[in-house]
Every structure is written in C-alpha cells, then in structure tokens.
Amino acid sequence: MRAKTLLAAATAAMLLIGGCGGPQGQEGSPNGPTQGEKGRITICLLPKQKGIPYFTSCAEGAQEAAKELDVELIYDGPTDGSPEKAAAMVEKWALQGVDAICVSPNDPNVLAPAMKAARQKGVKVITWDADAPSDAREVFVNQATAEQIGTALVDTLVKDMGGKDVKGEVAIITATATAANQNEWIVHIKERLKAYPNLRLGSVVPSNEDQKLAFQAAQDLIKASPDLKGILAISSTAFPGAAEGIKQAGKAGQVQVTGLSTPNDMRAYVKDGTVKSVILWNTKDLGYLTVQVAAQLVRGTFKGTDPTVKAGRLGEKRVEGDNVLLGDILVFTKDNIDQFQF
Amino acid sequence: MRLRGVPGPALVLALLCALATAINPAFLSPRNLTDLMLAAAPTLIAACGLMLVVASGEIDISIGSLLGLCAAVAGTLSSPDRLGLPPSLAVAATLALGLGVGLLNGVLVSLVRVPSIIVTLGMLSVLKGANELLMGGKWITRLPDGLRAWGTGSVLGVPVPIAACAAVVALTWLLANRTAWGRRVFAVGSNADSARLAGIPVGRTKLAAFGLAGLLVALATLVSVPRLSLVDSGVGVGFELLVVTCVVVGGVSIRGGTGTILGVVLGVLLLSSVRTVLIFLQLGESSLYWERAIQGALILAAVMGDAAGRRREARA
Amino acid sequence: MRRLIATHEAGLAALLAALLVAAWRTDPAFVSWRVQSGLLPQIGETALLAVPMTLIVITGGIDLSVGSVMALASVLFGLGFRSGWPVEACAAAALAAGLLCGALNGWFVTRFRVHPLIVTLGTMSAFRGLAEGVSAARPVSGFPDTFLRIGQGWTAVGLFAALTLAGTAVLARHVLGRRIYGIGLGESAARASGWNVDRLKASLYAFSGLMAGVAGVLFTARRNTAKADVGAGIELEVVTAVVLGGTSIFGGRGTLVGTALGLAVLHEVRQFVGWRWSNDVLNLVVVGALLIGAVTLNGVISRRPAGSVEGG
C-alpha cells in the first residue's frame, strides 16, 4: 500500500513537470532545440560561471544579436563555475543537436574533449572570452589573449603606482589556486614583471572566489609587508574585496590595486579614489560579436578563414588567423567610467 | 570532561601565534588582532547556533546557503538600486528569514522526522538556487549607510561585529548553562529516549535550537556582509563546512550531548587564523597553496590530541 | 524491516518510471538510447563512489574525503606521467595512494574512536590541500589516446554494475553482510559478539579510498586532465544518492540496489531538467527539493516507531 502511495505521489509530481507540454512539445518548452522549426537556428552560449555580472552583461549583448538575427539563444552555465559541469552541458547540447555552441572555458583542458566530440557530431563550436586548444574549436572570438591581459594588468598597475622607478613589493590575489585562466594570466604577469626590476612579487593568495577572503587577504598583506605597493586582484570578487580592504585599512593612494571588472561594480571605488584604473573590454559587444560569428558560421555567410566578418552594429571586424578580434582592451578611470553602463 | 575540545586547539593556536609573532612581530599588533577578531566574529556567531543544534544530536549544513540568501535579501530590500526600503526594515526581514528557515528545518526534523543531515543538505541546494534567482545574475552595489553601519560601525569604541559576537557568546553560555532549556538541549542530545521518558518535549527543544541557529546565521550575515560594499552571488559558499569544522574541532560531540562554548571559541579562532599566519610567515609566493593541507592537518591534530586526552581520563 | 526496504525501492523505481514516461511524453528524444547512453558516463564516478559509501553509511559512518582522494590520485597520476612513467605505473601509484588515504581514514576512525564525520572532514581538507600543494595547483594534460579511451566509455558504470551485484550478494547472503548491518544496528553489541569490528570498519574505509583512486584515474581519462580540483563537491552528490536510495544515515538499513535506484533518479532528474530548461539554477532547487521531498514522503508513509530516528 505504501508503494502505491509513493507511486501515486511520484506520478503526480512528474505530471506536474512533464504534463504542461503535450507530446512533441507543440508549446511549452521555451527552447526545445531538438525539434525547432527549420530555418531557425539554435545557438548555445556557455559562460565560465553563470550569475556573475560580467557574463550577464555579455549575455545581454548576445540576446541583442540573437534578436536581430532571429536566432534561438540558450544562455546557461554552471552557477559554481565547475569546468566538469560545463563540459557536461556541452555534451548535452551536442546530443540535442543544436547548431552552434560558444564556449568560454573555465578550464580549457577539461572542456576540450567534450568540445571535440561536439564538433564530430557536426556542431559548430567556437570559443569566446577565453580560448581552448585550436583543434577543439573553429574560431576564437578574441577580446584579449592571456598574454595581453597579463601585460595590461602589470603595466596599468605600474602606471598607477607612479611609474617604473617605484621600488617595492607586488602581490596577487587570485580566484582559486586551481583556476586555469588566472593561472595562465599569472604566468604572463610574472613574465611582464621582469621588465620592472624594481618590483618584487610577494605572495599569490587564492581567495576561493570569496570577496571576504580577498578583503582579509588585502589587509593581511598590507600589515605583513610594509613594502607592499600594489595588488593585482585578478578575479571578479577579488577586485572589489581587495579595494574595500585597502580602503578600510586607510591605505588608499599608498597601495594601488587593479584588476578586471565591470565598471558598474567598481564605479564607487574609482570615484572615491581607492582604485585608479579598472581593466576590461566592452562585454556587451563581446556577447554580440560572439553570436554574430556563430550564426554566420552556421549559415555559411562567414568562413573561419575570411579576413573580416560583418558584425551588425559593430561593422566589420578583423580576423587574424582563426581569431576574430573584438578590439582594444579598455581602461576605465575617473574620467571615462561614467560613459560605460554595464 | 568539562574541558573537552579545549587543550588540543588551545595548544595548537598558541603555537601558531607564537610562530607567526616570532617571524613577523607585526602579527601581535592591536590592529591585526582586531582584524582577526572581526574576521572570526561572523563564524563564531553562526557556530554558537550550530553548537546548540549539534548538542541536541542534530546537524545543520544549510547555513552557508542561508547566509548567502540572507545577504541577497538584505541587499535587495535596502539598496537604492533595487527596492531601496529603509535599512531597519531590511534588517528585520533578514532576521525573520533566518528564523523562518531555521524553524522550517526544525519542523522537518522534529515533526516530520527526516534526518537533519538530509533536510539541511537539500536546503543547502534549494536556498542557493533561491539566492541565484533573487540576484538575477547581477550583484548588489551601493548598500545604504544604515546597513553598512552593522559591519563597519562601532558601539562604545568596539566594532559592531565584535560586540555582537561577544553578546552572542555570553548569551549562548547563559542559555546552555543557566536555563532549563539549555539543560534540555544537552539531555535530548545525549539520549532522546530517556529525555522523552523524563517528560522533556524533545521535538520542541530541537525546533527551538534550529530556529535559534537560523536567527544567528542571519545575524552573522548582518555583521559580515555590510563590511563590504558589494553583495555578490557567491556569499556563504562553503561557510557551512567551515562552521561545522570549527564546532567539531571545538570538541562538540557530533553524537550530541556534550560541548562547551569555550571549545567552540577556540575552534573558530584556530581555523580562522591559519591563513593570516601563513601570509605573515611570508614563505614565498605559492605557500598559500598549502593552506588547506595545513588546515586539515590541524583539524586531525586537534581531534587526535583530544581523543588521547579523553582516553587517559577514562583510564584514570 | 525487509518489507520496508522493498517498498522504498519500489517507490523509487516507480518514481523513475514516472519520470521517464513524463520525459518521453514531452521530448521523446531524451529517452532514446542515443541520448541516454551519451549522458550515462557523466554519473560514472559518482556511482563508483556510491558503492563503498553505502556500505560505510550502513555501518553508521560516512566518508566525506572521497572527492579529495580523487584529486590526490589524479594529481599523482599526472605528476608520474609528467616525469615519464608509463601509464600503467601512474595508475598503480594513483590507486595505491587512494588505498593509503582510505586506510588512513580507517586507522583514525578505529584507532582514535573519533566520529568518521570529523575524521573525514579533516582529511577532506588535508588530502585536497596535499593535492594542491604537490601540484602547485597546476594541471597535467595530453595523455595518450589509448588511456583516454578508458574514460570515454562505460568503464566506471560497468565497474559499478559489477560491484553492485557482488555487494548485493555479500550483503544479503554472506556473514560479512550480516556483520556490516550488525555494526550499524549497534556497535557495542557487535563488539560483544567477539569478531573484529575495527578490522571490518577499517577495510571499508580503505575500500572507499581505493574506489576514489579508481574514480580519480577514470575522471582523468574522461576529461584528459589531472588536477587538484578534480572531484570537488562530489561527496555531497554521493551522499545524496545514497540516502535517496533509502540507506539510513544512522546506519543499520540500506541496500546497494536502493543506491543504484537513487543514483538513477538523481541522474535522470538532473539531466531532464537540464535538457528541457537549460537552467542550472533551476536544477539546484529541483535536486534539493527532490531530496527533502523523497525522504520526507518515505518518512511520512513508513512512520517509524518513536525514537528510532535519533542516535548514531
């Protein structure tokens, strides 16, 4: 009898989930990509982590392009940033037979096998925001390479600290110890730091994507080393956390911090002078360009080898090798930050 | 027996601080000690609530996600970018949310009789989902000053988080040691059947412990999140593991029935100082990569020292 | 008691069937062989770890360190490979490390009589930290295709099936099975009956460590990456599947068939939500609610006599 009760409850629950759309989902399924009407293509946009403003603003730009091009856009990614979950999503989309998958790999090694398998199933796979091995994707929508980011971070910090004659220590507050992208940036940061012999790299502190830990780390670093002149806070939570730490330690202006973030999230610190420069690119344009490229690859109006691509409101964008270039890295300062609303 | 969980962590903590001070005297500066206490305060507030739950023979691992959801609710209600309601209202709503979720856990555990580890494991996931939905992919900037005062202000020269934490520790000590309810919590935890036979309302006692734990998580949110100016969607992730670890390192038996507030205080101080100690030791750029290994080793050392002590006691 | 177990399993099977029917009605492609077999490897490591976890939970214990042991095994595999060892030697080292970690857990649990939750909470940090430290948190990649193929297919799921069959036979018919339940029902009574409780408990933790080592190697093969963040959070998934499968978290009750059904329900629900709504946030809510709901429902329906919930 108990089994029957459970069975009845289970069936009821499942009918609630499943029953709303009839067989073959004539209606309901907001993005039933498998049986989509012919002609309308489906593009999946995978962020490193869902729910953070950087990727949300990319997704807004992507949605804009999807509307213009009459494309079905699916934006989903792991809320915890797990590369394994991201790979599982790529595998699922490949089985659903979507037309294109745009991947921002949080760990290129982990995602590459799934991306290759998707390509073998005939799905167009491109990377955006961060690259993967070139045999795992068709093109890379390139807003900045790891090397450009590492170099920009160091150069901007040095400028904010008062030029290359400043002597002292620089520390890094990173995401997690294992974060693949950040670790690649750190390699290039170290490389670039060699150009400034007066600067010494102190600790590399993982903040485990926790703003409060980044806040504490910044304060601890300041107290532990009187020589500390600058901090590179290279994850989206580490940057505001470190800025608040410097501000509350009363060291604004004496210890500089820079990193990558959306202007909206750092505006207050730039205005009150704790942070001189914020590095990023136009995220909405990045999302927009990514969907443009993916849709045109599917429709055949753009081949990966063309020298340029017509990207709607962005005009013609240059293609170098298999990289579609978005344009320059932006530096937001007190003077220009109000021009950017994302 | 009363000292369970005290000698081990106390010894390890003293050694760590001595080491850090010897290498970098700045460690003992008043500023650094204040910062250490500020950082430990929210953990300790939540740990006080969890101690009572564990002493009653149950566990609550939903506190990390509850902290995140409380932060999202406080921010959403009060930030001028979102609803912009008065901070006092946001504070009240946050506390009500904490209490409500705690009571819901308690009802499922004591009335519906679902094991607490399962209820709160499920709740951990549900509350995280609710947090993400509420945040909607954007973070909350511009917390109003009225809310930020909870994290950055001070009363009579003592920072609010530390004052709140001291009050919570004192009240928990009173509750646990000087009230009938406190005695019941421990009686229920050491043997629920005999407690029931002795006429103790087992269910209601546990329900109250869960409610209090939820309320204290909300309070921990209020004194930690407004220390920063920005609420992100990752607030509280992993917090439950930290608090559970602190409580068990502090000698609260996971089987229920025993535990002291002093042990919990030491457990929290020990676990939250590891990272600062490592930074002060300045052992080189990748020394922090060993943080987790050292934390784990400390947990095992503290627990082993304690077990050995208990055994000697038993033999004596 | 036997009837109770049978009903929980029947209920889970019904839930699974209802889910698949509902999925078939909304999107027939989801229940096709092509899709199901394509998605199956994603649950492989979790399934593998669920076998020893079930046995340990039946004895009233728990092993939270499995994800960290996976990471340590994976990292050692990678480091060995980078220093030019043959793949077989790397795998042997990884499995040995897993076994050693598990044995260490068992030693702590039995020698110091500390609750397994506390011990494995500690080793969860320690093993993960060790993996991060020795690898400097860097990945190793680029393994040979012959090795990668082991991970792409059904190795983990096949191994899980074999272990489940063997384990079910042992639990139901062998003296070892009776002893495992015996420890969970009352450890002091089990001790009084004269056989070596500690040795059996320690072997179960060692077995868990070994399986975590296997899972670490298989994960490395499946994702072509040896790294210190492998298996993060998998312990909660494994525990979820085990308790969903009807194993009592207080010990003394549970079956491997139940665990297999628990795994299947967890896997299908998650995959179907992902398939239909492509929304990771929704999945958090649904999986959490499913866990609370299923166990609550089971508790309400099969109301145990007062007091049997506490303890342990």
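How many positive and negative side chains does chain B have, and how far apart do the centres of the two sets lie? Chain B has 23 positive and 13 negative side chains, and the two centres are separated by 9 Å. These values, like those that follow, are computed from a predicted model.

Chain B is a good place to start. Its secondary structure consists of 13 helices and two strands. The radius of gyration of chain B is 20 Å, and the globule rule gives 20 Å for 316 residues, so chain B is as compact as a globular protein of that length. Measured out along the principal axes, the C-alpha trace of chain B spans about 65 × 55 × 35 Å. Of its 316 residues, 61% count as buried. When contacts in chain B with a separation of 6 or more are considered, 80% of them are between residues 24 or more positions apart. The accessible surface of chain B is about 11300 Å², and carbon and sulfur atoms account for 69% of that surface.

Chain C can be described in the same terms. This chain has 14 helices and two strands. For chain C the radius of gyration is 20 Å, close to the 20 Å that the globule rule gives for 312 residues, so this chain is as compact as a globular protein of that length. The C-alpha trace of chain C spans about 60 × 55 × 35 Å along its principal axes. Buried residues amount to 63% of the 312 residues of chain C. In chain C, 79% of the contacts between residues at least 6 apart in sequence join residues at least 24 apart. About 10700 Å² of chain C is exposed, with 67% of that area supplied by carbon and sulfur atoms. Chain C carries 24 positive and 15 negative charges, and the mean positions of the two sets are 7 Å apart.

Chain A has 10 helices and 14 strands. Of the 342 residues in chain A, 61% are buried. Contacts between residues at least 24 apart make up 72% of those in chain A that join residues at least 6 apart in sequence. Chain A exposes about 12500 Å², and 51% of this area comes from carbon and sulfur atoms.

The remaining topic is how chain B meets the other two chains. Against chain C, 44 residues of chain B are in contact with 47 residues of chain C. The two chains bury about 4000 Å² between them, and 74% of this area is on carbon and sulfur atoms. On the chain B side, B:R113, B:Y289 and B:R292 supply 16% of the area buried against chain C, more than any other three residues.

Which residues of chain B lose the most area to chain A? The contact itself involves 32 residues of chain B and 38 residues of chain A. About 3200 Å² is buried between chain B and chain A, with carbon and sulfur atoms giving 51% of it. The residues of chain B that lose the most area here are B:W139, B:R275 and B:E285, which together give 22% of what the chain B side buries.

Methods. Residues numbered from 1 in each chain as written. Chains lettered and ligands numbered in written order. Predicted model: local features only at pLDDT ≥ 70, side-chain atom pairs only at ≥ 80, totals over all residues. Heavy atoms only, no water. Helix = DSSP H or I, 4+ residues; strand = E, 2+ residues; numbered from the N terminus. Rg over C-alpha atoms; globule rule 2.2 N^0.38 Å. Buried < 20%, exposed > 50% of the residue type's maximum accessible area, 1.4 Å probe, protein only. Contact = heavy atoms within 4.5 Å. Areas by Shrake-Rupley, 256 points an atom, 1.4 Å probe, with all protein chains shown as cover. Lys, Arg positive; Asp, Glu negative; His and termini not counted. Charge placed at Lys NZ, Arg CZ, Asp CG, Glu CD. Buried area = accessible area lost by both parts, 1.4 Å probe.
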